[in-house]
Amino acid sequence: MGSEAGTIDAVERPATVGSLTAELSGAGLAGEITIVHSSLSSLGWVAGGAQAVVEALLAAAGPSATLVMPTQTGQLSDPAAWGDPPVPAEWIHAIRDGLPTYDSDLTPTRSMGAIVECFRSHPETVRSAHPLVSFAANGPLARRIVEPHALTPAFGEPSPLGRLYDLDAQVLLLGVDHGINTSLHLAEHRADWTDKASVQTGAPMIVDGKRQWVTESDLDVDESDFIAIGDAFAASGGERSFAVANATARRCRVRAIVDYSASWMSRHRPGSLHD
């Protein structure tokens, strides 16, 4: 209660479905394909919480638009790699053997935020089949974007991110920065640097009717420079910023940020081929 009371004291007025819809209607969502990253707390005090934000996003975008959000499920990954928090080594085999398999309807997201969790449970939202880094979409092009979603490369050309690029989608960062902009992982696949590496990923899956632990090799992704890339991209004039409730929102095209980021990574990441 103390935290919520502080939030109320910090804002001049509550955000509502109506006020959020009005502010988002000027953001260029109508009729567009938009991948949204968000923070509910950044908006201030919202009457109705995450549900109000999801309803406002859908209303501002309209019936011809398609909204997309990443719905990752790191709780199903290999516990040997967990660091937030780590688990005792003697637990690892029991956890790996006991983890449930991914269910696109049932499996909740982890560390994605309340807005994402509400969006993925919307009755008209569809979700991709990847057991660790799924995407959810709502709108006429939803299935075209999220299906199929191969195990690897999870963020590469044949993934939902590749389709968003091909469809000239846009990115909406609602109260967050490029540090969590999933589209930059597609840029990692396209960039060239000599220290680029692969990593083994694993998750429980149903194969031929039986539960199995499935391991695949994929790009070892790294978000540590995403904020620096986003700041440089903003300084280049590549994005538009505006206010939504108590938050700053940013909007840009997927193609623009991916192309810029791939070039930046190729020039600045360790082992850059342009050193």
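**A predicted fold seen from Ile 257 outward**

At a relative accessibility of 0%, Ile 257 counts as buried, since the cut-off for that class is under 20% relative accessible area. The model examined here is a predicted one. Ile 257 belongs to helix 10, which spans residues 254-268. Leaving aside residues up to four places away in sequence, its contacts are Val 171, His 178, Asn 181, Leu 184, Phe 233 and Cys 252. A further link across the chain is found with Ser 183: the two residues are 74 apart in sequence, yet their C-alpha atoms are separated by 7.8 Å.

Ser 183 leads conveniently to helix 8, where it is one of the buried residues. The others in that helix are Leu 184, His 185, Leu 186, Ala 187 and Glu 188. Because 6 of the 8 residues of helix 8 are buried, this helix is largely enclosed by the rest of the structure. What do the buried residues of helix 8 pack against? Their partners are strand 1, strand 5 and strand 7, together with helix 7, helix 9 (226-235) and helix 10. One of the buried residues, Leu 184, also appears among the contacts of Ile 257 in helix 10.

We can now turn to the sheet. Seven strands form an open sheet in the order 3-4-2-1-5-9-8, and their pairing is mixed. Its edges are strand 3 (126-127) and strand 8, each of which pairs on one side only. Strands of a sheet pair through backbone hydrogen bonds, in either a parallel or an antiparallel sense.

Strand 1 is a good place to look inside this sheet. All of its residues, 6 of the 6, are buried, so strand 1 is largely enclosed by the rest of the structure. In a regular strand, side chains alternate between the two faces of the sheet. Both faces of strand 1 are covered: Ile 33, Ile 35 and His 37 are buried on one side, and Thr 34, Val 36 and Ser 38 are buried on the other. Strand 1 runs parallel to strand 2, to which it is joined by 3 bridges, and Ile 35 stands opposite Val 68 there. Strand 2 (residues 66-70) is in turn joined to strand 4 (residues 135-138) by 4 bridges, this time antiparallel. Within that pair, Leu 67 has Asn 138 as its bridge partner.

Elsewhere in the strand order, strand 5 pairs with strand 9 (residues 247-253) in the antiparallel sense over 5 bridges, with Leu 173 opposite Arg 250. Strand 9 is also joined to strand 8 by 5 bridges, again antiparallel, and here Phe 242 stands opposite Ala 249. Strands 8 and 9 make a hairpin with 2 residues between the strands, in which Ala 245 takes a positive phi near 55 degrees.

Helix 2 (residues 17-25) lies across strand 5 and strand 8, and runs at about 165 degrees to strand 8. Its buried residues are Ser 19, Leu 20, Thr 21 and Leu 24. An α-helix has 3.6 residues a turn, so residues three or four places apart point the same way. The buried residues of helix 2 pack against helix 3 (49-61) as well as strand 5 (170-174) and strand 8 (240-244).

A second hairpin is formed by strand 6 and strand 7, also with 2 residues between the strands, and Asp 208 in this hairpin takes a positive phi near 55 degrees. Strand 6 (residues 198-207) and strand 7 (residues 210-219) run antiparallel and are joined by 10 bridges. Ser 198 stands opposite Leu 219 in this pairing.

These two strands return in the description of the largest pocket, whose volume is about 1,400 Å³. Of its 48 lining residues, the closest to the centre are Gln 72, Gly 74, Leu 132, Val 133 and Glu 223. Strand 1 (33-38), helix 8 (183-190), strand 6 and strand 7 are the elements that give two or more residues to the lining. By class, 22 of the lining residues are nonpolar, 19 polar and 7 charged.

Finally, one buried loop position deserves a mention. Ser 159 sits in the loop between helix 6 (142-146) and helix 7 (160-166). Is Ser 159 buried or exposed? With a relative accessible area of 1%, Ser 159 is buried. Not counting residues up to four places away in sequence, Ser 159 touches His 149, Pro 153 and Ala 154.

Definitions and conventions: Residues numbered from 1 in each chain as written. Predicted model: local features only at pLDDT ≥ 70, side-chain atom pairs only at ≥ 80, totals over all residues. Heavy atoms only, no water. Buried < 20%, exposed > 50% of the residue type's maximum accessible area, 1.4 Å probe, protein only. Contact = heavy atoms within 4.5 Å. Pairing = 2+ DSSP bridges. 1 Å grid on protein atoms, 1.4 Å probe; cavity = no way out; pocket = protein on both sides within 12 Å on 5 of 7 lines; lining within 4 Å. Points joined across faces, edges and corners; volume = space filled by probe spheres on them. Nonpolar A, V, L, I, M, F, W, Y, C, P; charged D, E, K, R; others polar. Axes fitted to C-alpha atoms, helices over the stretch in contact; angles between N-to-C directions.
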